Amino acid sequence: MTSLFQKYLQQNNYTQFDLKAILFDMDGVLYDSMPAHAQSWQQTMEELGLKTSPEEFYLHEGRTGASTINLIFQQNLGRNASEEEIQTIYERKSELFVKYNTGKTISKAAEALNFVKLQGLKCVLVTGSGQPSLINRLESNFPSIFTPENMVTAFDVKIGKPHPEPFLLGLQKGGNLQPNQALVIENAPLGAESATKAGIFTICVNTGPLSDKILEDAGAKLVLHSMSELLGIFPEILHITSTIRNN
């Protein structure tokens with residue numbers, strides 16, 4: 001695993017890591033919410049007579065709602081949606097999401113966040129979601145971890161993933177950090193692409209149906225398969241990043 005971090009330093013011309021923060025995605029990393037997102041998006045589009053597939057929304061995960069809607073409109077109708085259509089469609093999608101989502105958190109996510117905090121590192125949320133039903137539960141599910149000052153949501157971004165904007169904002173909210181002062185924990189290809197474009201070492205926890213290769217091709221430097229696995233190797237990751245040098 002050391003070689004992965006060594007390669008990152010070499011490719012990005014950094015002498016070393018200087019970790020100050022870990023940037024976490026939300027859906028599929030902290031909450032087991034992606035099945036509900038996929039189901040609610042697909043049903044919403046089917047009600048409009050638009051063709052989609054559940055896997056498609058795992059590939060789109062991380063986009064803003066407006067971006068996702070416009071993508072489906074372009075594929076089916078050859079045009080973008082109007083602002084009124086976007087508002088109506090996203091309201092319907094959100095209504096269905098509340099119906100289908102169980103609110104279940106990802107196993108060991110809370111422990112991973114608390115481990116990071118105990119190491120003196122800041123946890124920063126970087127999500128493309130604008131779902132109040134999840135965002136408003138962060139404090140009760142993960143107490144004393146996130147505040148508005150260290151959260152980037154759909155309400156903060158203009159472009160969204162896969163553009164680097166969300167993670168560049170995450171670096172700012174982490175304390176005006178440089179890319180080598182943070183790591184990213186993602187689960188989705190667009191998130192991995194966004195974080196990689198922002199120049200940050202990206203770890204993907206593959207909690208969905210997509211292949212590891214899709215995540216690797218999107219820029220993930222390390223792919224794991226559960227937050228429990230991440231928690232188990234977090235001490236090694238922090239040891240490597242605190243001792244490795246690019247000589």
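Let me start with the second largest cavity, whose lining divides by class into six nonpolar, three polar and one charged residues. Before I go on, please keep in mind that what you have in front of you is a predicted model.

The residues that line this second largest cavity are Tyr58, Glu61, Asn187, Ala188, Pro189, Asn206, Gly208, Pro209, Leu210 and Leu215, and the volume they surround comes to about 50 Å³. If you wonder how such spaces are found at all, rolling a probe the size of a water molecule over the atoms shows where empty space is left.

How many cavities of 30 Å³ or more does the structure hold? There are two, and the largest of them contains about 240 Å³ of space. Its lining is made up of 24 residues, and those that lie nearest the centre are Asp27, His37, Glu61, Gly62 and Arg63. Four elements give two or more residues each to this lining, namely α2 (34-47), α3 (54-60), α4 (65-77) and α5 (83-100), and of these α2 gives the most, with three residues. Sorted by class, the lining of the largest cavity has five nonpolar, twelve polar and seven charged residues. You may have noticed that Glu61 was named for both cavities: Glu61 belongs to the lining of the second largest one, and Glu61 is also among the residues nearest the centre of the largest one.

Let me now turn to strand β5, which covers residues 201-205. Is β5 mostly covered or mostly open? The strand is mostly covered, since five of its five residues are buried. In a regular strand the side chains alternate between the two faces of the sheet. For β5, Phe201, Ile203 and Val205 lie on one side and Thr202 and Cys204 on the other, and both faces are covered, with all of these residues buried.

What does β5 pair with? On one hand there is strand β4 (residues 182-186), which runs parallel to β5 and is joined to it by four bridges; here Leu183 has Phe201 of β5 as its bridge partner. To get from β4 to β5 the chain passes through helix α10 (residues 189-197), and this β-α-β crossover is right-handed. On the other hand there is strand β6 (residues 222-224), also parallel to β5 and joined to it by three bridges, where Val223 stands opposite Cys204. Helix α11 (residues 212-217) forms, together with β5 and β6, a right-handed β-α-β unit.

How values were computed. Residues numbered from 1 in each chain as written. Predicted model: local features only at pLDDT ≥ 70, side-chain atom pairs only at ≥ 80, totals over all residues. Heavy atoms only, no water. 1 Å grid on protein atoms, 1.4 Å probe; cavity = no way out; pocket = protein on both sides within 12 Å on 5 of 7 lines; lining within 4 Å. Points joined across faces, edges and corners; volume = space filled by probe spheres on them. Nonpolar A, V, L, I, M, F, W, Y, C, P; charged D, E, K, R; others polar. Buried < 20%, exposed > 50% of the residue type's maximum accessible area, 1.4 Å probe, protein only. Pairing = 2+ DSSP bridges. Right-handed = clockwise from strand over helix to strand, strands pointing away.
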